[in-house]
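Reader: I am in my first year and would like to look closely at one part of a structure, with the reasoning spelled out. Could you take me through it slowly?

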Amino acid sequence: MDQETVRTICYLARLEIDENKSEKIQKDLETIIDLIGSLQTIDTSDVEPLYSPLEMTALMHEDIEKSDNKKEKFLENAAASNEDYFLVPRVVE
Amino acid sequence: MSIQFKSIADLREMLDDKSISASELIQESLELAKKYKELNCFVTMNEEFSVKKANAIDVNKKTSSRLSGIPLAQKDLFCTEGLRTTCSSKILSNFIPPYTATAVKKLEDAGSITIGKTNMDEFAMGSSNETSFFGNVHNPWKKGYVPGGSSGGSAAAVAAGIVPAATGTDTGGSIRQPAAHCGITGLKPTYGRISRWGMIAFASSLDQAGPLARTAEDCAILLNTMSGHDAKDTTSLNSNVPDFLENINQPIDGLKIGLIKEFNLSDLDSQVQARFEESKKAYEKLGAQFIEVSLPNISASVPTYYSIAPAECSSNLSRFDGVRFGHRAESTDDLNDLYIKSRSEGFGDEVKRRILIGTYALSAGYYDAYYKKAQQVRRLIKNDFDNAFQSVDALMTPTSPNTAFKFGSKGTQNPVELYLEDLFTISSNLAGLPAISIPHGQVNSLPVGLQLIGNFLREDQLLNAAHIFQKNSDYHLAKPNLGDF
C-alpha cells in the first residue's frame with residue numbers, strides 16, 4: 001500500500017491524517033491488510049457469503065400511522081440549526 | 001452493612017427485609033463511585049435522577065420486580081434519553097439522546113436505577129479501554145493495568161463492587177474479555193436475543209448487548225429482562241424467551257463439553273493452562289464429559305473479523321459528519337471540508353484506522369478479495385460450529401490468552417498484537433452464538449476467565465453450567481484489594 005492509496009482511502013472516508021502520523025498509519029494498514037490477506041489461502045469456491053448470522057429477511061409489520069414528533073429534541077443536538085432545518089455551509093451559490 | 005461487592009440477589013434480600021431502603025442503597029452506590037473515582041469507570045453520573053427514582057420507590061413501596069431499586073451502570077454506548085451518551089468519543093462528547101435504548105429501557109422499566117454511564121474503548125473498538133477519549137480505566141485488581149475492553153468501565157465498576165451489575169456490548173469479545181480480566185461473569189447472548197435499538201452501532205452483524213455481573217445467577221436475572229423481540233430492530237429475534245433464572249439449578253451430569261483441537265493450549269502461559277486444566281477437572285467431577293472436536297477454520301476467525309468489523313464500522317460511522325449531531329469543526333470552507341474536519345478532529349486513531357481498513361476492504365477492486373472472501377470464510381466457521389454441536393452441548397476455552405496487562409504495553413507498535421487478544425472470543429460473534437466468561441482463579445494475582453460457548457439460543461445451558469460451577473467453587477467471590485485507589 002503506497003502513500004497515494006492511503007490518501008485516496010482517506011478522502012473516500014472523509015478523514016484527514018496528520019502528516020507526522022501518515023507513515024505509521026501506512027505501516028499499520030499494511031500490517032492489517034496482510035492479516036486479512038491471509039484468508040486468500042482458504043478455498044471458498046462455491047461457498048455462499050454469510051452476511052448475518054440469522055440469515056433471515058427483515059420481518060414485515062403493519063403500516064400504521066403514528067405521531068412521535070421529536071423534531072426540536074433532534075435539532076437541539078445539531079451544532080447549527082434553525083426552527084426546521086440542520087444548517088450547513090452554503091452549497092449553491 | 002456495606003453494599004459493596006453484593007450481588008443483585010443479596011441486595012434484593014436486603015431491600016425486601018428492609019435492612020436497607022432503595023434511597024440508602026443508591027446513596028451508597030453513588031458514594032462508592034465517588035470514592036473510587038480514580039478507577040475512571042464512569043464518563044457521566046446520573047446522580048439527581050437516581051436519587052429521585054430511589055425516593056419514589058421507597059414511597060411507593062412497590063417491589064414487584066426483582067430489579068426494583070437495584071443500582072446498575074450502563075455502557076456509554078446505549079442511548080439514554082436526556083443523559084449524555086458519548087461512546088467515549090470526542091465526536092459525541094456533547095450528545096444528549098432524545099430516546100433510550102430498548103435494552104436499557106427494559107431494565108429501567110423493571111425498576112432498576114441507572115447510576116451512570118461507563119467508560120469504554122472509543123466506539124467499542126479496542127480490547128484494553130485505552131482508546132477512550134476520556135482516559136484509561138484502571139483494573140481494580142492492579143493499578144496501571146487495563147481492565148480489558150471494550151466494556152472496561154462496566155467490568156471495573158462491577159469488580160470494584162460499586163454496582164452489582166452493568167450492561168455491556170460484545171462485538172468480538174467486549175463483554176467476556178473485560179469480565180475475565182476483572183474477575184467477574186459476563187454473557188454475550190445469541191445475536192438477536194436482545195434488541196440493538198438505541199445501541200450506537202459498530203458492526204451491526206456482530207454487535208450484541210449483554211450483562212456483566214458478579215454471578216451467573218445475576219446474569220440470568222438481567223438477561224430475563226433485557227431479552228425479547230423488538231419491532232424497532234429488524235434483526236431482533238421473534239422467539240420464545242425462557243425463564244433463565246428458573247432454569248439454572250439443573251444437574252450437569254452427562255453434559256458434553258467440546259475442547260477445540262485447533263486451539264493449541266500448550267502455547268499459552270503455563271499458569272493460564274493450569275487453571276484451565278483445573279476447571280476441566282472440576283467440571284468432570286460435576287459429571288460433565290469432555291470430547292475433542294475439530295473446527296478446521298476457526299484459526300481464520302481473527303482475520304475474518306478484522307475484515308468484516310471494520311467494513312461495517314466504516315459504513316456505520318459515516319453518519320458522524322458534524323451536521324445533525326456530534327462535534328462540528330469550526331471555520332470550514334465548504335460542506336465537504338466540514339465533513340472532513342469534523343470527523344478528523346472527532347475520531348481517535350484506532351477508530352480512524354478501522355474506518356480506513358473498512359473503506360479499503362469495501363472499495364472497488366478489493367470488495368471481492370477482502371469483504372466477500374471474509375463473509376465466505378465466516379460461513380465455513382459457522383458450519384464448523386454447526387458440526388461441532390452435533391456431538392457436544394457446549395465448547396470450552398480460556399476467555400483470553402493472557403491476564404490483564406500494563407497500560408501501553410500492547411499494540412502501540414503493531415495493532416495486530418492487540419487484535420490477537422480476541423482469539424478465543426471472536427468466533428462466537430461471527431457465528432452469532434452465545435458465550436459466557438466466568439472467573440476461575442488467578443495468575444500472578446490477576447483474574448483469569450473460562451469461556452463456555454453454547455449453541456444458538458442456548459443461553460439457558462451456559463448459565464446453568466456456569467451457575468453449577470459457581471455453586472461448587474468460590475472463584476467468583478474473590479474481591480480485589482482496592483487500597484491503591
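Which residue is the bridge partner of A165(B) in β6(B)?

Author: The bridge partner of A165(B) in β6(B) is A213(B); please keep in mind throughout that this is a predicted model. A165(B) belongs to strand β4 of chain B, which covers residues 165-170, and β4(B) is joined to strand β6 (residues 208-213) of chain B by 6 bridges, with the two strands running antiparallel. Strand β2 (residues 71-75) of chain B is also joined to β4(B), here by 2 bridges and in the parallel sense, and in this pairing L72(B) stands opposite A165(B).

The surroundings of β4(B) can be read from its burial. Of its 6 residues, 6 are buried, so β4(B) is largely enclosed by the rest of the structure. Both of its faces are covered, since A165(B), T167(B) and T169(B) are buried on one side, while A166(B), G168(B) and D170(B) are buried on the other.

Now widen the view to the sheet. In chain B, 11 strands form an open sheet with mixed pairing, and their order is β1-β3-β2-β4-β6-β5-β10-β11-β9-β7-β8. The edges are held by β1 (42-45) and β8 (289-293) of chain B, each of which has a single partner strand, so one side of each is left without a neighbour in the sheet. If direction is ignored, neighbouring strands of this sheet are turned by 30° against each other on average. Elsewhere in the order, β10(B) and β11(B) pair in the antiparallel sense over 7 bridges, and P439(B) stands opposite G449(B) of β11(B).

Helices lie against this sheet. Helix α2 (residues 22-35) of chain B lies across β1, β2 and β3 (113-118) of chain B, and runs at about 15° to β3(B). Helix α3 (residues 47-60) of chain B also packs on the sheet, where it touches β1 and β3 of chain B, and its direction makes about 160° with that of β3(B).

Helix α8 (residues 270-285) of chain B allows a check of its length, because at 1.5 Å a residue its 16 residues should span 22 Å, and the 23 Å between its end C-alpha atoms agrees with this. The buried residues of α8(B) include R275(B), F276(B), S279(B) and Y283(B). These cover an arc of only 100° around the axis, which puts them on the same side of α8(B). The buried residues of α8(B) pack against β7 (256-260), β9 (394-398), β10 (435-443), β11 (446-454) and α15 (459-471) of chain B. On the face turned away from this buried side, α8(B) carries the exposed residues S270(B), E277(B), K281(B), E284(B) and K285(B). Just after α8(B), G287(B) takes a positive phi of about 110°.

Helix α9 (residues 301-316) of chain B can be checked in a similar way: its 16 residues should span 22 Å at 1.5 Å a residue, and its end C-alpha atoms are 22 Å apart, which agrees. As for its surroundings, α9(B) is mostly covered, with 14 of its 16 residues buried.

Finally, chain B has a neighbour, for 54 of its residues are in contact with 40 residues of chain A. On the side of chain A that touches chain B, α1 (3-12), α2 (22-37) and α3 (71-76) of chain A each supply at least two residues, and the largest share, 7 residues, comes from α2(A).

Methods: Residues are numbered from 1 along each chain as its sequence is written. Chains are lettered from A and ligands numbered from 1 in the order in which they are written. This is a predicted model: local features need pLDDT of at least 70, side-chain atom pairs count only at pLDDT 80 or more; totals for chains, interfaces and linings use all residues. Two residues are in contact if their C-beta atoms, placed from the backbone, lie within 7 Å. Helices (H or I, at least four residues) and strands (E, at least two) are DSSP runs, numbered from the N terminus. The expected span of a helix is 1.5 Å times one less than its number of residues. A residue is buried if 20 or more other C-beta atoms lie within 10 Å of its own, exposed if 12 or fewer, and partly exposed in between; C-beta atoms are placed from the backbone. The arc is that of the directions from the helix axis to the C-beta atoms. Two strands pair if DSSP finds at least two bridges between them. Axes are lines fitted to C-alpha atoms, for helices over the stretch in contact, and angles run from 0 to 180 degrees between N-to-C directions.
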